[in-house]
Amino acid sequence: MLSPEGRVILVSGANRGIGLATAKHLGSLGYELSLGARQPGNIPQMENRKNHMTHHWDAEIHGTSAAWVEATIERFGRIDGVVLNAGVELGGSLESGTEEEIDRMFAINFKGPLWLVRAALPYLRSSGKGRVINVTSLAGKRMRKHEILGYSASKHAAMALTHAIRQLGWDDGIRATSICPGLVETRMTENTATPSDQFKLEPETIAETISYALALPNSAVVAEILLNSRYEPMF
Ligand SMILES: NC(=O)c1ccc[n+]([C@@H]2O[C@H](COP(=O)([O-])OP(=O)(O)OC[C@H]3O[C@@H](n4cnc5c(N)ncnc54)[C@H](OP(=O)(O)O)[C@@H]3O)[C@@H](O)[C@H]2O)c1
């Protein structure tokens with residue numbers, strides 16, 4: 001497994017939920033972190049202040065990707081991984097989803113991550129062991145609820161992004177993994193009732209899974225990790 005020492009990782013949406021749990025966990029393991037958020041002042045102080053920086057990043061504002069990457073290079077001089085975590089679930093139902101909802105989900109769940117990875121690519125290449133961990137969803141694996149068609153479609157697009165990164169980055173040692181959780185206990189699901197056959201995963205479980213994927217060597221290729229909290233015949 002790769003050692004965290006000296007590896008610089010970007011985490012988007014690090015101010016709460018899965019992103020915050022990931023930032024805390026990776027920080028405790030000794031990674032150097034560049035934490036992105038729409039309002040970086042909302043990112044809680046990490047225990048080890050020396051090994052991290054914060055920066056503004058808004059998935060809906062194209063130019064913020066290059067600015068975040070440049071600031072990270074200025075501070076740390078390298079980038080070894082990007083955790084594409086920030087995302088929104090706005091529904092986008094087949095019958096009544098609005099164009100605005102659907103556009104925003106594609107902008108935040110697919111296009112923002114695409115611009116961020118594009119900006120980081122030269123540095124992931126020079127790392128020789130660049131990693132992209134894309135927090136997609138089981139909704140990116142199957143269309144289970146017509147009420148969230150727009151979300152599901154944007155997460156299917158995000159899955160395609162992971163595969164494109166795998167193809168393009170292969171010869172330069174870049175490896176990309178989609179992490180596909182079912183329901184997780186965060187603000188995103190605070191109004192979602194838990195069905196009787198299911199429970200909500202802890203964000204810390206997703207953070208552990210992300211750290212596992214980040215640490216795999218170039219020779220261990222894992223395209224997808226699916227985490228379910230209920231029985232489904234295929235996963
Ligand atoms: N919770 C679940 O059940 C579940 C299941 C499967 C997959 N996921 C995925 O896991 C990821 C993290 O979600 P979560 O559960 O931790 O939800 P969350 O607590 O709602 O966090 C969402 C994060 O995304 C950020 N974000 C929203 N719009 C943004 C934008 N335009 N630019 C940059 N950041 C933006 C939020 O920042 P602000 O605070 O500024 O809004 C926040 O940091 C998402 O990609 C989500 O789709 C979640």
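## A walk from helix α4 to the ligand

Start by selecting isoleucine 165: it counts as buried, because 27 C-beta neighbours sit inside 10 Å and the cut-off for buried is 20 or more. Keep in mind as you click around that this is a predicted model.

Widen the selection to residues 149-169 and you have helix α4, the home of isoleucine 165. Now, which residues is isoleucine 165 in contact with, leaving aside its neighbours within four places in sequence? Show Val117, Val132, Ile174 and Ala176, and you have them. For a distance to try in the viewer, pick the C-alpha atoms of isoleucine 165 and threonine 177: they are 9.3 Å apart in space, with the two positions 12 residues apart in sequence.

**Into the core**

Next, go for the largest nonpolar core, a set of 58 residues. Colour Ile9 and Ala120 in it, since these are the ones with the most contacts inside that core. Then select residues 99-127, which is helix α3; this helix gives the most to the core, with 10 residues. Zoom in on alanine 120 and add Leu10, Val69, Ile79 and Val82: alanine 120 touches these four, if you don't count residues up to four places away in sequence.

**Strand β2 and its two partners**

Select residues 32-37 for strand β2. Is this strand enclosed or open? Here 6 of the 6 residues are buried, so β2 is largely enclosed by the rest of the structure. You can check each face in turn: Glu32, Ser34 and Gly36 are buried on one side, and Leu33, Leu35 and Ala37 are buried on the other.

Now add the strands that pair with β2. Residues 8-12 give you strand β1, which runs parallel to β2 and is joined to it by 5 bridges. To see one pairing up close, pick valine 11, whose bridge partner in β2 is leucine 35. Trace the chain from β1 through α1 to β2 and you follow a right-handed β-α-β crossover.

Then bring in residues 52-56, strand β3, which pairs with β2 in the parallel sense over 5 bridges. Serine 34 is a handy marker here, as it stands opposite methionine 53 in β3.

**Over to β6, α5 and β7**

Select residues 175-181 (strand β6) and 224-227 (strand β7): they run parallel, joined by 4 bridges. Within that pair, cysteine 180 stands opposite leucine 226 in β7. Trace this one too, from β6 through α5 to β7: this β-α-β crossover is left-handed.

While you're there, highlight residues 203-215, helix α5, and find glutamate 204 in it. Glutamate 204 is partly exposed, because it has 15 other C-beta atoms within 10 Å. Show Ala21 and His25 as well; glutamate 204 touches both, not counting residues up to four places away in sequence. Lysine 24 makes a good second distance: its C-alpha atom is separated from that of glutamate 204 by 9.2 Å, although the two are 180 residues apart along the chain.

**Last stop: the ligand**

Finish by centring on the ligand and showing the 28 residues that surround it. Which of them are the closest? Label Gly13, Gly17, Ala86, Gly87 and Thr186. Colour the shell by class and you should get 12 nonpolar, 10 polar and 6 charged residues. Finally, highlight residues 17-29: this is helix α1, which gives the most to the shell, with 3 residues.

Note on methods. Residues are numbered from 1 along each chain as its sequence is written. This is a predicted model: local features need pLDDT of at least 70, side-chain atom pairs count only at pLDDT 80 or more; totals for chains, interfaces and linings use all residues. A residue is near a molecule or strand if its C-beta atom, placed from the backbone, lies within 6 Å of it. Helices (H or I, at least four residues) and strands (E, at least two) are DSSP runs, numbered from the N terminus. Ala, Val, Leu, Ile, Met, Phe, Trp, Tyr, Cys and Pro count as nonpolar, Asp, Glu, Lys and Arg as charged, and the others, Gly among them, as polar. A residue is buried if 20 or more other C-beta atoms lie within 10 Å of its own, exposed if 12 or fewer, and partly exposed in between; C-beta atoms are placed from the backbone. Two strands pair if DSSP finds at least two bridges between them. A crossover is right-handed if, with the strands pointing away from the viewer, the path from the first strand over the helix to the second runs clockwise. Two residues are in contact if their C-beta atoms, placed from the backbone, lie within 7 Å. A nonpolar core is a set of buried Ala, Val, Leu, Ile, Met, Phe, Trp, Tyr and Cys residues joined through C-beta atoms within 7 Å.
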